[in-house]
Amino acid sequence: MDSTNLLERRLQISGIFVILGLLVEGLCLLGRGPIAFILFVGLGGFLFAAGILLYLYSLLGAQGEPSKQ
């Protein structure tokens with residue numbers, strides 16, 4: 001598997017995590033009560049943070065691999 005394909009795939013997955021986190025947070029803003037806040041912070045924050053960390057990890061991993069041309 002080519003390293004650019006792996007990088008693109010990791011970036012797509014991280015983008016999906018960020019979008020899912022933003023969707024969860026947006027839907028939780030419509031709700032009221034403590035459960036909506038817990039979902040906002042817990043699930044939405046986790047997905048958002050996981051997307052950002054996977055994005056940064058994929059960028060660091062791409063720099064360490066030598067290119068094969």
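Where does F37 lie? In this predicted model, F37 sits in helix α2, which covers residues 34–64. Residues are counted from 1 along each chain, following the sequence as written. The model is predicted, with local features needing pLDDT of at least 70 and side-chain atom pairs counting only at pLDDT 80 or more, while totals for chains, interfaces and linings use all residues, and side-chain values rest on heavy atoms, with hydrogens and water left out.

Start with the overall picture. The protein's secondary structure amounts to two helices and zero strands; both kinds of element are DSSP runs numbered from the N terminus, helices being H or I over at least four residues and strands E over at least two. Helix α1 takes in residues 3–30, and helix α2 takes in residues 34–64. Of the 69 residues in the protein, 14% are buried. Here, buried means under 20% relative accessible area, exposed means over 50%, and partly exposed is what falls in between (1.4 Å probe, protein chains only). The accessible surface adds up to about 5400 Å², and carbon and sulfur atoms hold 71% of that. Such areas come from the Shrake-Rupley method with a 1.4 Å probe, and for residues only the protein chains shown count as cover. As for contacts (heavy atoms within 4.5 Å), take those with a separation of 6 or more: 68% of them join residues 24 or more positions apart.

Back to F37, then. F37 counts as exposed because its relative accessibility is 53%. It also helps to make a nonpolar surface patch of about 590 Å², together with I35, I38, L39, V41 and L43. A patch is built from residues with over 30% relative accessible area and no salt bridge, with like charges joined within 9 Å and nonpolar side chains (Val, Leu, Ile, Met, Phe, Trp, Tyr) joined within 5 Å.

A little further along helix α2 come two glycines. G44 belongs to this helix, and it counts as buried because its relative accessible area is 0%. Setting aside residues up to four places away in sequence, G44 touches G21, V24, E25 and L39. The C-alpha atoms of G44 and I19 are 9.7 Å apart, with their positions 25 residues apart along the chain. G45 is likewise placed in helix α2, but it counts as partly exposed because its relative accessibility is 24%. Beyond its neighbours within four places in sequence, G45 is in contact with E25 and F40. From G45 to E25 the C-alpha separation is 7.8 Å, although the two are 20 residues apart along the chain.

What about E25 itself? E25 lies in helix α1, and its contacts, leaving out neighbours within four places in sequence, are with F40, G44 and G45. This glutamate is buried yet has no salt bridge, and the nearest side chain of opposite charge, R32, is 18 Å away. A salt bridge needs a side-chain nitrogen of Lys or Arg within 4 Å of a carboxyl oxygen of Asp or Glu. For charge, Lys and Arg count as positive and Asp and Glu as negative, with His and the chain ends not counted.

Other residues link the two helices as well. S14, found in helix α1, counts as buried because its relative accessibility is 3%. It touches G51, L54 and Y55, not counting residues up to four places away in sequence. A50 is placed in helix α2 and is partly exposed because its relative accessible area is 22%. Between the C-alpha atoms of A50 and G21, 29 residues apart along the chain, the separation is 9.0 Å. R9 has its place in helix α1 and is partly exposed because its relative accessibility is 49%. The C-alpha atoms of R9 and S58 are separated by 9.4 Å, with the pair 49 residues apart along the chain.
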